[in-house]
Amino acid sequence: MSLDFLTAHELAGKLRSKEISVRQLTEAALDRIRSLDGAVHAFITVDEAGAFLAADHAQKRLDDGDPSPLLGIPIAVKDNMCTRGLLTTCGSKILEGYKPSYNATAVQKLHDAGMVLIGKTNLDEFAMGSSTEYSHYGPSHNPWDLDRVPGGSSGGSAASVCAGMTPLALGSDTGGSIRQPAALTGIVGMKPTYGRVSRYGLVAFSSSLDQIGPFARDVTDCAQLLNVICGHDELDATSLDMPVPDFTRALSKDVGGLRIGVPKEFMGDGIEAGVRDTVQAALGVLEQAGASIEEASLPSTEYGVATYYIIAPCEASSNLARYDGVRFGYRTKSDAGHVDLVEQTREEGFGEEVKRRILIGTYALSAGYYDAYYLHAQKVRTKMRMEFEELFERFDVIAGPTSPTVAFKIGEFDDDPLSLKMADLLTIPANMLGTCAISVNCGFSEGLPVGLQIIGKPFDEETVLRAAFAYEHRTDWHTRRPPIA
Amino acid sequence: MSLTIDQVRHVAKLARMQMTDEEMEGMIGHLQEMVDVFDRLRQVNVDGLEPTSHSVPVHNVWREDRVVDQQCGPELLQASIQARDGLFIVPAILDDGE
């Protein structure tokens, strides 16, 4: 029997009944990667030896009766999270060969839960992109159509779960980098509220927006993985010290009385008709289940992309100042003094999109422009936040498409990086507010998956999961598999 | 706001990237497009609004200042391409007085 597309909770049942061993499950995941990753390129590094070690350790815990729900389950981790002794490249040449001396807190929590880390997944360099084409290690491919992108920046993690390589993966979401690839590959992806998951050991891109979150094949698995990774961490001062509920308890099929607002800006110009119709039908399912659907307005949606592309590059230009060729990763061969070492290492080590963002961020922060750009963008962010808060007085969740389009062709935006940035139009608002949001598969357009996005109030992951679970229970889109061997 | 190649050169210097003129010229069009988008954002009225630097309310977080031996010194140095005797090696920044 193939294990490739089973959910983590189904696999956990098989492990506990001893139908399979953790080693068999690990071997199955590695086999799948061996046979498909040449075409998909979900992984930058596969850690076979580490995976078998973890598998044996997990098997012992299982045999000893340890009840941890995800014990022995394989998982892939985006390559911008530090893994002790295991390459962490961030998709960049500048971190070529870098082996961290510590685990990111989220990664440590996976180990503590007895999960089996299979490898590190591909991403746009430093998570800057929406297609996973901007990786120094080459693009990832969408398992639904190998000529298309899996979305990004966590495209490798999404492709791994979609292609049946690992049942779960971790990604990071700064402007949509979990939800958009989840939508484009037809799986579940969730950005928790900012502060829920420690960012310690997540290579910093835009510190006020970055958040780690799960990819899964269904909402139950998503909730279980959230249970593992959430929680206060004193190593991240922005991680919030508040109780973490058992998210699986929120998984109710009942959405009677749930008030869903649908911003008209999420269904208007710039959204493909096929995506709009598919999402409209999905909202109909929730309405039939007893939720109320009402049109709303989030006028600042149109400013989100511009606001994001000021704030994120500004923060990135500061965060990426640490890559100097001295302490980690790549170093230039040029040796005309210390300044030359730094400048040449950065020139040779960063890819074009990262350079563009460092330049634009440095420009927007430089003397004379700070007030006009960065400070102004932060005030627009306040305006967006206030609009959201007003909506959340009337609605329990906000819903709409995750991505304006289905997966596009690799190379389609090579000469037009600005248009590619519009892919984040509908995901950026949740990052600006810092709140939680999920994407679940809600059907197909042109044979490609469409994501339904459900945005909740800050720290109300439970309502978001409930709505997503209720939807999933009434449809079978989450059981569709890509036409890949 | 119109970007000039001199501005790009200045910003590249601030960002410590030794870019060639050719590379900067190839990039200036895309950078200008982004600046144009930024300029449109300036039309949004934000009178009386405070800036949001953080999405959730965080205040100073205090903790005890204590020494923790993470025992990762050698591993930290291994992350560098050039290290020896517990030190990172960099080009000399002081001459030898000759």
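## Strands and pairing

Two strands are said to pair if DSSP finds at least two bridges between them. The model described here is predicted, and its strand pairings are given in that sense.

## The sheet of chain A

Chain A holds an open sheet of 11 strands with mixed pairing. Its strand order is β1-β3-β2-β4-β6-β5-β10-β11-β9-β7-β8. The edges are formed by β1 (43-46) and β8 (292-296) of chain A, each of which pairs on one side only. Direction ignored, neighbouring strands of this sheet are turned by 30 degrees against each other on average.

One of the pairings joins strand β4 (residues 168-172) of chain A to strand β6 (residues 212-216) of chain A. The two are antiparallel and share five bridges. Within this pair, A:Leu170 stands opposite A:Pro214 of β6(A).

## Strand β11 and its two partners

Strand β11 of chain A covers residues 448-456 and is mostly covered, with nine of its nine residues buried. In the strand order of the sheet, β11(A) stands between β10(A) and β9(A).

With strand β10 (residues 437-445) of chain A, β11(A) pairs in the antiparallel sense through seven bridges. In one of these, A:Ser445 has A:Leu448 as its bridge partner. The two strands form a hairpin with two residues between them. A:Glu446 lies in the turn and has a positive phi of about 55 degrees.

With strand β9 (residues 397-401) of chain A, β11(A) is also antiparallel, and five bridges connect them. Here A:Gly400 is matched with A:Gln453 of β11(A).

## Helix α7 of chain A

Helix α7 of chain A runs over residues 219-229 and is mostly covered, as 11 of its 11 residues are buried. Among the buried residues are A:Val219, A:Cys222, A:Leu225, A:Leu226 and A:Ile229. A:Asp221, A:Gln224 and A:Asn227 are also buried. After α7(A) comes A:Gly231, whose phi is positive, near 135 degrees.

## Where the chains meet

Chain B brings 44 residues into contact with 57 residues of chain A. On the side of chain B that touches chain A, the elements giving two or more residues are α1, α2 (21-41) and α3 (73-78) of chain B. The largest share comes from α2(B), with nine residues. By type, this side of chain B divides into 28 nonpolar, nine polar and seven charged residues.

One helix pair spans the two chains: helix α11 (residues 352-365) of chain A and helix α1 (residues 5-14) of chain B. Their axes come within 9 Å and cross at roughly 95 degrees. Because of this crossing angle, α11(A) is roughly perpendicular to α1(B). The contact is made by A:Leu359, A:Thr362 and A:Tyr363 of α11(A), together with B:Val8, B:Val11, B:Ala12 and B:Leu14 of α1(B). Six of the contact residues are nonpolar, one is polar and none is charged.

## An exposed residue of chain B

B:Asp69 is placed in the loop between α2 and α3 of chain B. B:Asp69 counts as exposed because it has 6 C-beta neighbours inside 10 Å, and the cut-off for exposed is 12 or fewer.

B:Asp69 can also be placed relative to B:Asp85. The two residues are 16 residues apart in sequence, and their C-alpha atoms are 19 Å apart in space.

Note on methods:
Residues are numbered from 1 along each chain as its sequence is written. Chains are lettered from A and ligands numbered from 1 in the order in which they are written. This is a predicted model: local features need pLDDT of at least 70, side-chain atom pairs count only at pLDDT 80 or more; totals for chains, interfaces and linings use all residues. A residue is buried if 20 or more other C-beta atoms lie within 10 Å of its own, exposed if 12 or fewer, and partly exposed in between; C-beta atoms are placed from the backbone. Helices (H or I, at least four residues) and strands (E, at least two) are DSSP runs, numbered from the N terminus. Axes are lines fitted to C-alpha atoms, for helices over the stretch in contact, and angles run from 0 to 180 degrees between N-to-C directions. Angles under 35 degrees count as roughly parallel, over 145 as roughly antiparallel, 65 to 115 as roughly perpendicular and the rest as oblique. Two residues are in contact if their C-beta atoms, placed from the backbone, lie within 7 Å. Ala, Val, Leu, Ile, Met, Phe, Trp, Tyr, Cys and Pro count as nonpolar, Asp, Glu, Lys and Arg as charged, and the others, Gly among them, as polar.
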